[in-house]
Each structure stands twice: as structure tokens, then as C-alpha cells.
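Subject: Handing over a predicted structure

Dear colleague,

I am passing a structure on to you, and I would be grateful if you could look through it before reading my notes. The sequence and the model come directly below.

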Amino acid sequence: MSLTVVNGLPAHVLIVHFVIVLVPLSALAVVVGAIWPGAARRMGVVLPLLALVTLVSVPLATQAGEWLEGHVDGNALVRRHAELGDGLLPWAAGLLVLATAIWWTARRSAAAEAGSGRGAG
């Protein structure tokens, strides 16, 4: 199976929509989890998993976009779009690191609360 064309449509056009939705959604979840620890505990492992799916979708979209870039007329807008796509990967990796740190901290906090609750009773 090729990541270049899906049912005659360039795969980049489809995959990039995952990135367009997942990056802001992951960033919002990270911010909410950082500000509101209760939300981070409720999100649980979904928070880093969401960031991981986001991280994986970025190079898929980039790879499909590079194929598409070779099949369209090159101009300044296409080159700028490709540069923006290439620059997104470190940000997605940063989201994964932050999401994992927030999840880990919330997990440790919940375990500490549960431990102190048991000791008090």
C-alpha cells in the first residue's frame, strides 16, 4: 500500500487533515492538563497517546506532501508550505514530551493521594 495516492486522491490531502485537527487538540489537552490537574488525571493515558498519534501523523503528512510537491508546479507558496510542514515535527515532539510529563505527574499525584488516604484511615 502506498502513502502517495488513495482512491486517486493525493494522500497528503487526506492525512494533513489529521494533523490540522490533532495538533491543536493535543496542544489544548496539554494546556488543560497543565492548568487543571484533575483534568489530567481524568484524561489519564489518553493524553500522551493523543500526542503520540499527533507525532506519528506529522511525518506521514510530510512524506505524502513531499511526493505531492514533486508532482505539482513548484512556486513560492508550495515551498513555504513544505517548510512549515518540516518545521512542525519538533513542535509535535515537544507536545509528546509535555503530555507525557503531565500524565506522569498526574499519575504520581493520584498515587500519592491514594496512599495518604489509605494511611489516614
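What follows is a description of what was found in this structure, beginning with how far the model can be trusted.

This is a predicted model, in which local features need pLDDT of at least 70 and side-chain atom pairs count only at pLDDT 80 or more, while totals for chains, interfaces and linings use all residues. Residues are numbered from 1 along each chain as its sequence is written, and side-chain values use heavy atoms, with hydrogens and water left out.

Confidence is given as pLDDT, the predictor's own confidence in each residue on a scale from 0 to 100. The protein chain has a mean pLDDT of 89, and 94% of its residues reach 70 or more. Among the elements of the chain, α1 has the highest mean pLDDT, at 94, and strand β1 (residues 5-6) the lowest, at 80. Helices and strands here are DSSP runs numbered from the N terminus (H or I over at least four residues for a helix, E over at least two for a strand). As a general caution, predicted coordinates should not be read in detail where pLDDT is low.

Turning to the interior, the largest nonpolar core has 21 residues, and those that touch the most other members are Ile-15, Val-19, Val-30, Leu-47, Ala-99 and Ile-102. A nonpolar core is a set of buried Ala, Val, Leu, Ile, Met, Phe, Trp, Tyr and Cys residues joined through side-chain atoms within 4.5 Å. The elements that give two or more residues to this core are α1 (11-35), α3 and α4 (76-120). Val-19, when residues up to four places away in sequence are not counted, touches Pro-24, Ser-57, Val-58, Ala-61 and Leu-88, where contact means heavy atoms within 4.5 Å.

Some individual residues help to fill in this picture. Ser-26 lies in helix α1 and is buried, with a relative accessible area of 1%; the scale used is buried under 20%, exposed over 50% and partly exposed in between, with a 1.4 Å probe and protein chains only. Leaving out residues up to four places away in sequence, Ser-26 touches Leu-50, Ala-51, Thr-54 and Leu-95. Thr-54, in helix α3, counts as buried because its relative accessibility is 0%, and on the same terms of sequence distance Thr-54 touches Leu-22, Val-23 and Ser-26.

Ala-64 is also found in helix α3 and is buried at a relative accessible area of 1%. Apart from neighbours within four places in sequence, Ala-64 is in contact with Leu-3, Ala-11, His-12 and Ile-15. Ala-64 and Val-5 are 59 residues apart in sequence, and their C-alpha atoms are 8.5 Å apart in space. In helix α4, Ala-106 counts as buried at 8% relative accessibility, and its contacts, leaving aside neighbours within four places in sequence, are Ala-40 and Arg-41.

On the surface, Leu-3, Val-45, Val-46, Leu-49, Leu-52, Val-56 and Leu-60 make a nonpolar patch of about 540 Å². Patches are made of residues with over 30% relative accessible area and no salt bridge, with like charges joined within 9 Å and nonpolar side chains (Val, Leu, Ile, Met, Phe, Trp, Tyr) within 5 Å, and accessible areas come from the Shrake-Rupley method with a 1.4 Å probe, only the protein chains shown counting as cover for residues. Leu-60 is found in helix α3 (residues 46-69) and counts as partly exposed, because its relative accessibility is 31%.

How many salt bridges does a search of the whole structure find? The search finds one, a salt bridge being a side-chain nitrogen of Lys or Arg within 4 Å of a carboxyl oxygen of Asp or Glu. In it the side chains of Arg-80 and Glu-83 meet at 3.7 Å, N to O. Both residues lie in helix α4, three residues apart, which is about one turn of the helix. Arg-80 is partly exposed, with a relative accessible area of 47%, and Glu-83 is partly exposed at 49%.

Finally, the loop between α3 and α4 holds His-71, which counts as exposed at 53% relative accessibility. Val-72 is found in the loop between α3 and α4 as well, and counts as partly exposed at 38%.

With kind regards
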